Amino acid sequence: MANHHGDFIWYELLTSDQTAAEHFYANLLGWRMSGDPSYRHIEASEGQVGGMLSLTAEMTAGGARPAWMGYILVDDVDKMIASIEQGGGKTLWPARDMENVGRIAMVADPQGAPFYLIKPQPPEDRPDEESHAFSYDRPRQGHCAWNELSTTDPEAAKHFYGQRFGWVKDGEMDMGPLGKYEFLRHAGRAPEGSPMGQGMLGAVMPKMPQMPVSAWTFYFRVADIDAVAAHITGNGGTMLQEPIEIPGGEFSLNALDPQGAAFGLVGPRKGDA
């Protein structure tokens, strides 16, 4: 089954030290790295999840910093860029064709959260091959399990992404003075009225004061949340949020890798799996 317009299909780490990042994440998530040294592919339990790209001096001079980025599949990159700009967003990296990859561009939503657009070029012998980088249908170790947008304007963000990618609100959780945590479902993956959980892609929430800018956070699945928390603090990472229980009985955490890129993890406590 091929991916849909509006699916997250790839994740990319921009890093200032690729060798150190490879070592950190390989031991953290069991990822295997392959490919050209200039762009390393990340392989998880059931296929590729994304890639790692070293920040160049030119990129750093232009303001780029270590970060995780998500790629959203679209039917037409150029038309989507026009729509994003008309809706108050910006083009950060103009559309271009990449051999054996497809047409891509980097953009930002009206609140400044960056992400990639991609119209992939599928292999000729596997035209309907589906990406499981974001594991929307069932748990897959090492794959992305949740996409979370922290933004200065959740209402505007829901409208912006909903109009362009077919995402709709499907429930919420009250966080008290922090505001609402609103769940997002991909309507193309599960039509209205589908059981809760089908087609869920993540959530949108108000940006917390300690966050410098609106941004996406991607949560990768692990087998033991406490073991990975110990790995993070013991290997140069920084814990931003210790493991907390989330709906469904699992736990999540937020952290920075040793180079400063923010990420999240989700999974059970040992013995709860």
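1. Two strands count as paired here if DSSP finds at least two bridges between them. With that in hand, a friendly look at strand S1 makes a good start, bearing in mind that the model is predicted. S1 covers residues 8-15, and eight of its eight residues are buried. S1 runs antiparallel to strand S5 (residues 67-73), and six bridges join the two. Leu-14 is a handy place to see this, since Ala-67 of S5 stands opposite. S1 also pairs with strand S4 (residues 47-54), this time in the parallel sense and over five bridges. Here you can look at Thr-15, which has Ser-54 of S4 opposite.

2. Arg-40 deserves a moment of your time. This arginine sits in strand S3, residues 39-44. Is Arg-40 buried or exposed? Its relative accessible area is 17%, and the cut-off for buried is under 20%, so Arg-40 counts as buried. The Arg-40 side chain comes to 2.7 Å from the backbone oxygen of Gly-35. Beyond its neighbours within four places in sequence, Arg-40 is in contact with Gln-18, Glu-22, Met-33, Ser-34 and Gly-35, and also with Gly-50, Gly-51 and Met-52.

3. Asn-100 is worth checking for its backbone. Its phi is positive, about 65°, although the residue is not a glycine. As background, most residues other than glycine have a negative phi. Where does Asn-100 lie? You will find it in the loop that runs between strand S6 (90-98) and strand S7 (102-108). With a relative accessibility of 60%, Asn-100 counts as exposed.

4. Helix H4 spans residues 154-165, and its length can be checked. Twelve residues at 1.5 Å each should span 16 Å, and the C-alpha atoms at its ends are indeed 16 Å apart, so the two agree. The buried residues of H4 are Pro-154, Ala-157, Lys-158, Phe-160, Tyr-161, Arg-164 and Phe-165. Looking down the axis, these fall within an arc of 165° and therefore line one face of the helix. On the other side of H4 you will see Glu-155, His-159 and Gln-163, which are exposed. Just past the helix, Gly-166 has a positive phi of about 80°.

5. Next comes a sheet worth tracing strand by strand. Eight strands form an open sheet with mixed pairing, in the order S10-S11-S12-S9-S13-S16-S15-S14. The edges are held by S10 (167-174) and S14; each has a single partner strand, so one side of each is left without a neighbour in the sheet. From one strand to the next, the twist averages 25°. Within the sheet, S15 and S16 pair antiparallel over six bridges. For one of the bridge partners, follow Leu-256 to Ala-262 in S16.

6. Helix H5 (residues 225-234) brings the helix and the sheet together. Which residues of H5 are buried? They are Ile-225, Val-228, Ala-229, His-231 and Ile-232. Their arc around the axis is only 160°, which puts them on the same side of H5. What do these buried residues pack against? Their partners are helix H1 (18-29) and strands S14 (238-245), S15 (251-256) and S16 (262-267). H5 lies across S14, S15 and S16, and runs at about 10° to S15.

7. Both ends of H5 have a detail to look at. At the start, a side-chain oxygen of Asp-224 comes within 3.1 Å of the backbone nitrogen of Asp-226. Just after the helix, Gly-236 has a positive phi of about 90°.

8. One last residue is Glu-245, which lies in S14, an edge strand of the open sheet. At 55% relative accessibility, Glu-245 counts as exposed. Leaving out residues up to four places away in sequence, Glu-245 touches Glu-250 and Phe-251. If you would like a sense of scale, Glu-245 and Leu-73 are 172 residues apart along the chain, and their C-alpha atoms are separated by 31 Å.

Terms used:
Residues numbered from 1 in each chain as written. Predicted model: local features only at pLDDT ≥ 70, side-chain atom pairs only at ≥ 80, totals over all residues. Heavy atoms only, no water. Buried < 20%, exposed > 50% of the residue type's maximum accessible area, 1.4 Å probe, protein only. Helix = DSSP H or I, 4+ residues; strand = E, 2+ residues; numbered from the N terminus. Arc of directions from axis to C-beta. Contact = heavy atoms within 4.5 Å. Polar contact = N/O pair within 3.5 Å; in protein donor to acceptor, adjacent residues only side chain to side chain. Axes fitted to C-alpha atoms, helices over the stretch in contact; angles between N-to-C directions. Expected span 1.5 Å × (residues − 1).
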